[in-house]
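Subject: Structure handover and notes

Dear colleague,

I am passing on to you the structure we spoke about, together with my notes on it. Please look through it first, and then read on at your own pace.

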Amino acid sequence: MPTTSRVREDLAASWARVAKELKSPFEELPDFAEFVDGAANEETAARTLLEPWLAVFEVETLWLLALHAALTEDCKRPADARVRSTWLYSGYLCTQATALRSLCLSGLGPSAGILLRTIIEATRSFVLILDDSNLAAEFIGATNADARSLWRKQLSGRGARSGFERALTIFPADLREEIIKWFDLDSGTYSQLVHPTSEAAFLACFPLAFDSTRASTGVIGRRSLVDWHVLERASKILWFLSRFLSRSLLGLLPGHARIRNFDSADFLQSAVKIGFYVLGEVSLRYWTAEPPGEGLDSQLAVTPVAR
């Protein structure tokens, strides 16, 4: 398992190198913990157990924050529906990701799994909306009263699935099939936590410890394999989103016009570009990481972090 310092050093070094190549003023990768809840509130043992995905997920969340902030000025005035949709979805996903992170650090992985399902559904909808400018306009113009109809007709069911699979044609066939499997499997798995079966409820009460040999009560928080796996799946879903957005944000794919230019000399806009390259480079380096094993059980019992 990669150490906490190793993966963070990789991320920081990659950020600094890409920033230099882009001549960006955003030269140093900030510590996400410092401006969310203060580094002093984090437990070293928790962070170590959840690596490498905690570190990767934090940079993905920072990337969503930078994307949302970079588009805020655009959306203070009339903007392309896809730009406004990107602004809204990136902000929404950032809030969900920040909450998921806090739950995993508090040993509440099953509850974080409920948020993961929300992230999965929002990501799927985001892809559909960005792939169809008419749907983006309908989404932006919809009121709360229109939401059910929009969801039923455009964002769910067989038509939505076909649209999602069509949007994925920008990826190689083997990766496209793998992504579809992620969404199908994860959506089904974590739906059981939203509408719990007896097994899902038991998992929430007694999450499996990192030594994989026994389950102990976790109703008020306990570090477990669930925390690690939720962060892994959430990180991979957001990695996919960053790759998909490359065509509309950075214009990296032939035949796909970007919806907005991002200036490497601008602090926030350059962070969007740097984050894209850093996530593509570092995430794959740790893609097959395994969760920590035996000998760590004494570190697991926790009380949720006070908020």
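The notes below go from the whole chain to helix pairs and then to single residues.

Please keep in mind from the start that this is a predicted model. The protein contains 14 helices and zero strands, and the order of its elements from the N terminus on is accordingly α-α-α-α-α-α-α-α-α-α-α-α-α-α. Of its 307 residues, 52% count as buried, while the accessible surface comes to about 14000 Å², with 54% of that surface belonging to carbon and sulfur atoms. If one takes the contacts between residues at least 6 apart in sequence, 74% of them join residues that are at least 24 apart.

The interior is a good place to begin. The largest nonpolar core has 87 residues, and Leu100 and Phe240 are those with the most contacts inside it. Helix H4, which covers residues 53-72, gives the most to this core, with 13 residues. Which residues does Phe240 contact, once its neighbours within four places in sequence are left aside? They are Thr123, Val127, Phe164, Leu168, Phe171, Ile179, Trp182 and Phe183.

Next come the helix pairs. Two packed helices are described by the angle between their axes and by the distance between those axes. For H4 and H12, the axes come within 9 Å and cross at roughly 40 degrees, and the two helices are therefore oblique to each other. Their crossing is left-handed. On the H4 side the contact is made by Trp53, Leu54, Val56, Phe57, Glu60, Trp63 and Leu64, and on the H12 side the residues taking part include Trp228, Leu231, Glu232, Lys236 and Trp239.

H12 also meets helix H14 (residues 267-282), where the axes come within 10 Å and cross at roughly 125 degrees. This pair is therefore oblique as well, and the crossing of H12 and H14 is left-handed. Here Trp239, Ser242 and Arg243 in H12 meet Phe276, Leu279 and Gly280 in H14.

The third pair is made up of helix H7 (residues 133-141) and helix H8 (residues 144-154), with axes that come within 10 Å and cross at roughly 160 degrees. Angles over 145 degrees count as roughly antiparallel, and H7 and H8 are therefore placed in that class. Their crossing is left-handed, and in it Leu135, Glu138, Phe139 and Gly141 of H7 meet Asp146, Leu150 and Gln154 of H8.

Some single residues deserve a look of their own, and two of these lie in H12. Leu231 is found in that helix and, at 0% relative accessibility, counts as buried. Not counting residues up to four places away in sequence, Leu231 touches Leu50, Trp53, Leu54, Phe57, Leu100 and Cys104. The C-alpha atoms of Leu231 and Ala97 are separated by 9.6 Å, although these two residues are 134 residues apart along the chain.

Lys236 also belongs to H12, which spans residues 225-244. Is Lys236 buried or exposed? Its relative accessible area is 6%, so Lys236 is buried, given that the limit for a buried residue is under 20%. Leaving aside its neighbours within four places in sequence, Lys236 is in contact with three tryptophans, namely Trp53, Trp182 and Trp287.

Ser125, in helix H6 (residues 109-130), is buried too, with a relative accessible area of 3%. Its contacts, again not counting residues up to four places away in sequence, are with Tyr89, Trp151 and Leu155.

Finally, two points concern the backbone in loops. The peptide bond from Glu51 to Pro52 is cis, with omega near 5 degrees, and Pro52 is placed in the loop between helix H3 (44-49) and H4. Lys23 lies in the loop between helix H1 (4-21) and helix H2 (32-36), and its phi is near 55 degrees, a positive value in a residue other than glycine. With 71% relative accessibility, Lys23 counts as exposed, whereas Lys236 is buried.

With best regards

Note on methods:
Residues numbered from 1 in each chain as written. Predicted model: local features only at pLDDT ≥ 70, side-chain atom pairs only at ≥ 80, totals over all residues. Heavy atoms only, no water. Helix = DSSP H or I, 4+ residues; strand = E, 2+ residues; numbered from the N terminus. Buried < 20%, exposed > 50% of the residue type's maximum accessible area, 1.4 Å probe, protein only. Contact = heavy atoms within 4.5 Å. Areas by Shrake-Rupley, 256 points an atom, 1.4 Å probe, with all protein chains shown as cover. Core = buried A, V, L, I, M, F, W, Y, C linked by side-chain atoms within 4.5 Å. Axes fitted to C-alpha atoms, helices over the stretch in contact; angles between N-to-C directions. Parallel < 35°, antiparallel > 145°, perpendicular 65-115°, else oblique. Left-handed = near helix turned anticlockwise from the far one by under 90°.
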